[in-house]
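Q: Could you take a close look at one small part of this chain for me, and then walk outward from there? I'd like the local contacts and how they sit in the rest of the fold.

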Amino acid sequence: MPIGPRELLIILLVVVLLFGAKKLPELARSMGRSMRIFKSEVNEMKAENEQQGQLAKPAKQTDEEFWNSPEMQPRQSQPRSEGNPNS
């Protein structure tokens, strides 16, 4: 069921009632800033990944090799002795 103009008008009315007409420009401005920051961070992460990919291309692993790798295994913790608070 597509959203028509009547539904959009109702949604807009609810937003205006919830936030108030004075807060909407401020809300839109902060959302725009947040989206710009998010976009720049995503682009920065992509650039870092591309740079790392150019330095060293890892060999392709199968799913089984990935999950059996030492990094993916649970760590073994040493049991604490109750008599010694430093361990």
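A: Let's start with Ser 69, which is buried because its relative accessible area is 9%, under the 20% cut-off for that label. Keep in mind that this is a predicted model. Along the chain, Ser 69 sits in the segment that comes after helix H3, residues 63-68. As for its contacts, a polar atom of the Ser 69 side chain lies 2.7 Å from the backbone oxygen of Phe 66.

That brings us to Phe 66 itself. Its relative accessible area is 35%, so Phe 66 is partly exposed; the partly exposed class runs between the 20% and 50% cut-offs. Phe 66 also has a ring partner. Searching the whole structure turns up one aromatic pair, and it joins Phe 66 to Trp 67: the ring centres are 5.0 Å apart and the planes make an angle of 80°, so the arrangement is edge-to-face. The angle cut-off behind that label is over 60 degrees. Trp 67, for its part, counts as exposed because its relative accessibility is 53%, and the bar for exposed is over 50%.

Now zoom out a bit. How much of the chain is buried, like Ser 69? Buried residues account for 2% of the 87 residues. The exposed area of the chain comes to about 9,100 Å², and 60% of that is supplied by carbon and sulfur atoms. On secondary structure, the chain has three helices and zero strands, giving an α-α-α pattern when read along the sequence.

Helix H1 shows the open side of this picture. The number of buried residues among the 15 in H1 is zero, so the helix lies largely in the open. Geometrically, H1 reaches 21 Å from first C-alpha to last, close to the 21 Å expected at 1.5 Å a residue. Right after H1 comes Gly 20, with a positive phi near 85°.

H1 also takes part in a nonpolar surface patch of about 580 Å², made by Ile 10, Val 14, Leu 18, Phe 19, Leu 27 and Met 31. Helix H1 (5-19) and helix H2 (23-55) are the elements that each give two or more residues to this patch. H1 provides the largest share, four residues, and Ile 10 is one of the residues found in that helix.

So, to put the two views side by side: Ser 69 is buried at 9% relative accessible area, while H1 has zero buried residues and lies largely in the open.

Methods
Residues are numbered from 1 along each chain as its sequence is written. This is a predicted model: local features need pLDDT of at least 70, side-chain atom pairs count only at pLDDT 80 or more; totals for chains, interfaces and linings use all residues. Side-chain values use heavy atoms; hydrogens and water are left out. Patches are made of residues with over 30% relative accessible area and no salt bridge: like charges are joined within 9 Å, nonpolar side chains (Val, Leu, Ile, Met, Phe, Trp, Tyr) within 5 Å. Accessible areas come from the Shrake-Rupley method with a 1.4 Å probe; for residues, only the protein chains shown count as cover. A salt bridge is a side-chain nitrogen of Lys or Arg within 4 Å of a carboxyl oxygen of Asp or Glu. Buried means under 20% relative accessible area, exposed over 50%, partly exposed in between (1.4 Å probe, protein chains only). A polar contact is a pair of N or O atoms within 3.5 Å; within protein, one must be able to donate a hydrogen and the other to accept it, and residues adjacent in sequence count only if both atoms are side-chain atoms. Rings of Phe, Tyr and Trp (its six-membered ring) pair if their centres lie within 6.5 Å; planes under 30 degrees apart count as stacked, over 60 as edge-to-face and the rest as tilted. The expected span of a helix is 1.5 Å times one less than its number of residues.
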